Amino acid sequence: MSGSGTAASGTGQTVAEAEAALENLARTGAEPPWRLAQRREALAAFTALPMPDPLRDEDWRRTRLDGLELHSRPVQALGVFAIEGLAEPARQAGAVACRLGEALTAQPELVRRHLGSALAPGAGKFVALAQALAQDGAFVWVPDGVELQAPLVVRDGIEGPEAGFGAFRHTVVVLGAQARAHLVVVQRSPADRRPGLVCSAVEVVLGPGAQLRYTQVQDLGPGVVRLECRRALVGRDAELAWTDCELGARLARAEVETVLGEPGGTVTTGGLSFGHRRQHLDVLQRVLHVARHTTSDLAHRIALRDRARSVFRGIVIMQKGCAGASSQQHAASVLLSPEARSDAIPSLFIDEDDVRAGHGATSGPVDERVLFYLMSRGIPRPLAERLVLEGFFAPVLARLANTPVYDELQHRIDQKIGA
Amino acid sequence: MSGADILESSAGGSRLEIRDLHVSVDGKPILKGVSLTVEPGQRHAIMGPNGSGKTTLAYALAGHPGYEVTGGEVLLDGANVLEMEPDERARAGLFLAFQYPAEVPGVSNINFLRHAVNAVRGQPVSVFELQKEVQAAMRALGMGEDFTRRNLNEGFSGGEKKRNEILQLALLKPRYAILDETDSGLDIDAVQIVAKGVMELGRPDMGTIIITHYSRILRYIPPHFVHVMVDGRIVRSGGPQLAEELEQSGYEGFRVEPVETAS
């Protein structure tokens, strides 16, 4: 299954009126009762949970949501949500890749089994919000032993009234034993300054030996606040690779938690944040090493122009019993203006003796030695800077090689370099 | 061809002219009045002990921002080189083969060469044409095919970096090249290959300044003139035989007396 469609919600006016919106949804009979019950549970969790407090919550100290006025936000959005790339042989082998709504209709039991299996609504205020109000999302299910050769591409092109929009997404990706997939999610919205809220919950479950690459290109408009929560449960000897490319939005926060709960599980991250003007881009990667011989390798590359700001937090928790585990993290920042600021903050919590863990960070302007070298070969300074930045991001782009979004991403990075 | 012949044959034409150049680094005077004129086709060796200012001369000519010119002039065909940005100097025909070339992560050699060649030639070269030129130069320099795909100087050995510098010289065809200790860190075979590259892959009328500690490379890039630099000044100039003399006697005899007090 694959599909695309207009992602209109029609579920109400603002977050404050969400309850009425859910009642409307119930009347239409478009969703099964268990699903509505889940939404109500999520809405109750959202209402009960407090807004993050920058004074008390370390994870929110550097990203303030002051003035977000969540309750007056609209909960409607338009646009096109499409998922492509599921080949016929994989489909025949039982693989599913479609919009969540379609999956609910076509395979309700399969969805019921997996929806909420990695992210409970109580996991956080914004998880609850996304789950309660989700207008769309992807549902990907790859059975045991099935390998998807081509990447699945989700195009989430969000539109909405100029007065403002609210887009809520709930995506679920489940890979069976030894299954393999690459999911690429591209989120876009108009490049004008219209205000918008994009709030997503993403759940990932990997069976034994499964391999998933999850790539996201966040290229939302400059008036958008984006809040995303993702959680992955990684099975025995399974491998998960996150690649987050944060390019757009006024304020973007991604909170990604990976649980290495079975022996031999591995997670790597290799993303980028490229901000300009007054963009605030915040990526939080949290890894829980629970089982033995689990591995995490977190890397992030950051370039900032103008007064842009980046926060990268790598929080690694090595629990008692994760003997033989190892963890590395490295953040590299290039500051293209003296007003730009990058905070890369590693945190390690180690409760097991037999582990290896390390972290590093570099930050500074473009290396003048390198610029001089390139210029000494006739290359003008602006082009030399561009080459250095392209080179800086090259390892991230390499993770997207052979995907349909490689050229788009390179083009967008070039645009931002010259913007 | 003797030095005198060259001087005569090109008198009045294009030249690189360094006049009484003074350069400071971090406020400390390093070059204290260097004058040198290089005519097309001439090869000038500058020899001297460590810390005498040879590399400072190279960097100052290339326009490194850390090297402050406090006096003197550098003219290329009468144009003031010191007013040009480093990239303008390169486009005007100057080339510095670095002693320690920078590593540029993520930028492939071929991509870099394409941009450099386009900039210096002032018109885009076709990918096919460039590949052909690059392959030919790489063969001459004994470089493996994978050089073009590897990131510029990243993880290159010292010898690979030096070859890569001469590969760039071969493609950019500068009118005046400064080779800053291109022989250092190379074994004798590599010196021969690199020197052959300089002699055969550059323009036939390329003016060359060869900065070196040792006379070894001068066997393969025979200079018309040899200059001895000590303490920021050229203290003696002569023909090729001066290099052999230095090989025998070292720089001991050229230690400058404190000039200010000597007068």
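In which sense, parallel or antiparallel, do strand β4 (residues 67–76) of chain B and β5(B) pair, and over how many bridges? In this predicted model, the two strands pair in the antiparallel sense, over two bridges. One of the residues concerned is Leu76(B), whose bridge partner in β5(B) is Ala79(B). The pairing belongs to an open sheet of four strands in chain B, which run in the order β2-β1-β4-β5 with antiparallel pairing. At the edges of that sheet stand β2 (28–38) and β5 (79–80) of chain B, each of which pairs on one side only.

Chain B also offers a pair of helices to consider. Two packed helices are described by the angle between their axes and the distance between the axes. For helix α6 (residues 158–172) of chain B and helix α7 (residues 188–201) of chain B, the axes come within 9 Å and cross at roughly 10°. Because angles under 35 degrees count as roughly parallel, α6(B) is described as roughly parallel to α7(B). On the α6(B) side, the residues that meet α7(B) are Gly159(B), Lys162(B), Arg163(B), Ile166(B), Leu169(B) and Ala170(B), and their counterparts in α7(B) are Ala190(B), Val194(B), Gly197(B), Val198(B) and Leu201(B). Sorted by class, this contact of α6(B) with α7(B) is made up of seven nonpolar, two polar and two charged residues.

From chain B the path leads to chain A by way of their interface, where 21 residues of chain A are in contact with 22 residues of chain B. On the chain A side, the elements that give two or more residues are α7 (368–375) and α8 (381–398) of chain A, and of these α8(A) gives the most, with nine residues. The side of chain A that touches chain B has 13 nonpolar, three polar and five charged residues.

Chain A itself is divided into domain 1 (3–260) and domain 2 (366–419), and the C-alpha centres of these two domains of chain A lie 31 Å apart. Their contact takes 10 residues from domain 1 of chain A and nine residues from domain 2 of chain A. On the domain 1 side, β7 (180–188), β9 (211–219) and β11 (239–246) of chain A each supply at least two residues, with β9(A) giving the largest share, three residues. By class, the residues on that side of domain 1 of chain A divide into seven nonpolar, two polar and one charged.

Two elements of chain A show how burial can vary along the chain. Helix α6 (residues 125–133) of chain A has nine of its nine residues buried, so this helix is largely enclosed by the rest of the structure. Among the buried residues of α6(A) are Lys125(A), Phe126(A) and Gln131(A). What covers the buried residues of α6(A) includes the helices α1 (18–28) and α2 (33–48) of chain A, together with the strands β6 (165–175), β8 (196–206) and β10 (224–234) of chain A.

Strand β19 (residues 355–364) of chain A presents another picture: of its 10 residues, the number buried is one, and therefore the strand lies largely in the open. This strand nevertheless has a partner, for strand β17 (residues 325–335) of chain A and β19(A) pair in the parallel sense over 10 bridges. Within that pairing, His330(A) has Gly360(A) as its bridge partner in β19(A).

Definitions and conventions: Residues are numbered from 1 along each chain as its sequence is written. Chains are lettered from A and ligands numbered from 1 in the order in which they are written. This is a predicted model: local features need pLDDT of at least 70, side-chain atom pairs count only at pLDDT 80 or more; totals for chains, interfaces and linings use all residues. A residue is buried if 20 or more other C-beta atoms lie within 10 Å of its own, exposed if 12 or fewer, and partly exposed in between; C-beta atoms are placed from the backbone. Two strands pair if DSSP finds at least two bridges between them. Domain bounds come from an automatic or database domain assignment. Two residues are in contact if their C-beta atoms, placed from the backbone, lie within 7 Å. Ala, Val, Leu, Ile, Met, Phe, Trp, Tyr, Cys and Pro count as nonpolar, Asp, Glu, Lys and Arg as charged, and the others, Gly among them, as polar. Axes are lines fitted to C-alpha atoms, for helices over the stretch in contact, and angles run from 0 to 180 degrees between N-to-C directions. Angles under 35 degrees count as roughly parallel, over 145 as roughly antiparallel, 65 to 115 as roughly perpendicular and the rest as oblique.
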